[in-house]
Amino acid sequence: MSAEKRAAAVVALAAGAALVTTPLDSGVGALPLWSAAGPRAAAACALAALAVVAAWRLCRLLFGPLVILRTADDVGYVAESGRSKAQAANEARRRRRTGDLPPVYPNGWYKVLDSCALRRGDVKNVTVLGEQVAVFRGEDGEAHVLDAYCAHLGANLAVGGQVKGNCLECPFHGWQYSGSDGKCVKIPYAEKVPEFAKVRHWHSCEVNKQILVWFHCDGEDPQWAVPEIQQITKGEWVYRGRSEHFINAHIQEIPENAGDFAHLSHLHKPGIISGTDLRYIHNKILKFFQHDWKLQWEPESKPNQHCSTLSLKHCFILFGRHVPQLDLDFVATQMGPGVVFLQCHLGLLGRGAIIQCVTPVEPLLQHVTHTIFYQSNMLPLIPKFILKAETIQFERDVMIWNNKKYISKPLIVKEDAAIQKHRRWFSQFYSENSPRMQYQRDNLDF
Ligand code: FES
Ligand SMILES: [Fe+2]
């Protein structure tokens, strides 16, 4: 039950109790209060309940975080002929041609959880890169990631497992695994723990209030670190909301839009009031409000060759006229295949960052989150509006991604050159042994 509904229920219960209770000293004998006080009292209670709910909602709107959660069927599918969204999504997924895909799991850092979702002693079962992992926080506060399946008889350590100190105990027979290296440190009924008893340990880090894991198809150690945003660590920029989407596409499609300049002036030109459904965004009545974009994308040089930077200038067009006073500047830095920092420098409207994380769940299913942190002294409505506007624009891309095919040799014109440049840059995250769709193994043993 939502907080608003809870508040409404409490008030309604209180109002109901007042209506049916007969005070002993009320002088009205066994008559219920409502019959004594009449409909005016009932109306007053109802109004009071409404006022509390309205005040609660207003507080949430002004000060609470904005949370937008979408399932894989929610966005980007066309449900026609009486079909449900889920049916339309299933059909689209079944019929779609995938194209000649690059490897499905590039090497890099991927977010598994928000830090706040994992308290001391918690364990969570997460699917990442087609694998089940147990993410747990030891009693010392450190987060660890291990393969979820116990080496003994395969129970899932994250389903009923218990955190013991810095270890995770299997719910089936009580074997305990160290969070630092995945080695089994205790078998409660055995004299000796075999040397080879262990589960895979994933490199992980916790930065910017997120827990990430490192994946490399050959088991190599992390080749770069995800930088800390100092303002988040120091608490100068605070959490103001997040969006969550599941996208049916190859991971590369999502960052590739940074090199696809032309799509901005078409797909993202209609004002956000035109919505997300691509069948209607070019609505003539709403054409008085449009967006204009100027952008530049460049890969960074060594030792930051795993990064690229997109500089974005956004202009509002109202009734065909550019309003320079409302120009906004953004800088998006992509770090590897799965993490982007979108820094917002909005002058008097303050500063902050949206962290975009793309984590493959399966070869063609991406979990994408956008989390906004913003100057704590700015009205929360500002970052919430930015996140909402960004989500509307993003969901237009989702509708494209969910239905498109990957074309390895696209038919492009001179002005599309940055797409190929982006593909060359992104190819550094694939190695010879990177898992491919057609040669998909049962697991990613390395
Ligand atoms: S299956 Fe985990 S201890 Fe037996
Ligand atoms: Fe886009």
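**Surface patch, iron site and salt bridges in the predicted model**

Leu379 counts as partly exposed, since its relative accessibility is 44%. In this predicted model, Leu379 is placed in the loop between β20 (365–375) and α8 (381–403), and together with Leu58, Leu61, Phe63 and Leu381 it forms a nonpolar patch on the surface, for which the joint accessible area is about 470 Å². Helix α3 (residues 39–63) supplies the largest share of this nonpolar patch, namely three residues.

Strand β20, which precedes the loop of Leu379, also contains Leu365. Leu365 is buried, because its relative accessible area of 14% falls under the 20% limit. Although Leu365 and His250 are 115 residues apart along the chain, their C-alpha atoms are separated by 7.1 Å.

The iron ion (ligand 2) is bound by protein donors from His263 (NE2), His268 (NE2) and Asp397, the last of which contributes two OD atoms, and these donors lie 2.1 to 2.4 Å from the ion. Along the chain, the donors of the iron ion (ligand 2) follow the spacing H-x4-H-x128-D. The angles among the four donor atoms run from 56 to 153°, and the site of the iron ion (ligand 2) is irregular; a tetrahedral assignment would require all angles to lie between 85 and 135 degrees. Both of the histidines that serve as donors, His263 and His268, are buried.

A further buried histidine, His216, has a relative accessible area of 4% and is found in the loop between β12 (210–215) and α5 (230–234). The side chain of His216 reaches the backbone nitrogen of Asp218 at a distance of 3.0 Å. Within strand β12 itself lies Leu212, which counts as buried at 1% relative accessibility. Leu212 and Ser115 are 97 residues apart in sequence, while their C-alpha atoms are 9.6 Å apart in space. Ser115, for its part, is placed in the loop between β2 (108–114) and β3 (123–128) and counts as buried at 13% relative accessibility; its side chain reaches the backbone nitrogen of Gln210 at 3.2 Å.

Across the whole structure, a search finds 18 salt bridges. One of them joins Glu395 to Arg70, with the closest N and O atoms 2.6 Å apart. This pair links distant parts of the chain, as Glu395 belongs to helix α8 and Arg70 to the loop between β1 (66–69) and α4 (85–95), 325 residues apart. The two partners are classed differently in accessibility, for Glu395 is buried at 5%, whereas Arg70 is partly exposed, with a relative accessible area of 24%.

A salt bridge is also formed by Asp73 and Arg93, whose closest N and O atoms are 3.2 Å apart. Here the pair connects the loop between β1 and α4, where Asp73 resides, with helix α4, which holds Arg93, the two residues being 20 residues apart. Arg93 counts as partly exposed at 30% relative accessibility.

In the salt bridge between Asp329 and Lys313, the closest N and O atoms are 3.3 Å apart. Asp329 lies in strand β17 (residues 328–335) and Lys313 in strand β15 (residues 307–318), so this pair ties together parts that are 16 residues apart in sequence. Asp329 is partly exposed, with a relative accessible area of 37%, and Lys313 is likewise partly exposed, with a value of 32%. Finally, Glu80, Asp277 and Arg279 are linked in a network of salt bridges.

Conventions
Residues numbered from 1 in each chain as written. Chains lettered and ligands numbered in written order. Predicted model: local features only at pLDDT ≥ 70, side-chain atom pairs only at ≥ 80, totals over all residues. Heavy atoms only, no water. Donors = N, O, S within 2.8 Å, 3.2 Å for Na, K, Ca; no water. Tetrahedral: all angles 85-135°; square planar, octahedral: opposite > 155°, others 65-115°. Buried < 20%, exposed > 50% of the residue type's maximum accessible area, 1.4 Å probe, protein only. Patch = residues over 30% accessible without salt bridge, like charges linked within 9 Å, V, L, I, M, F, W, Y side chains within 5 Å. Areas by Shrake-Rupley, 256 points an atom, 1.4 Å probe, with all protein chains shown as cover. Salt bridge = Lys/Arg side-chain N within 4 Å of Asp/Glu carboxyl O. Helix = DSSP H or I, 4+ residues; strand = E, 2+ residues; numbered from the N terminus. Polar contact = N/O pair within 3.5 Å; in protein donor to acceptor, adjacent residues only side chain to side chain.
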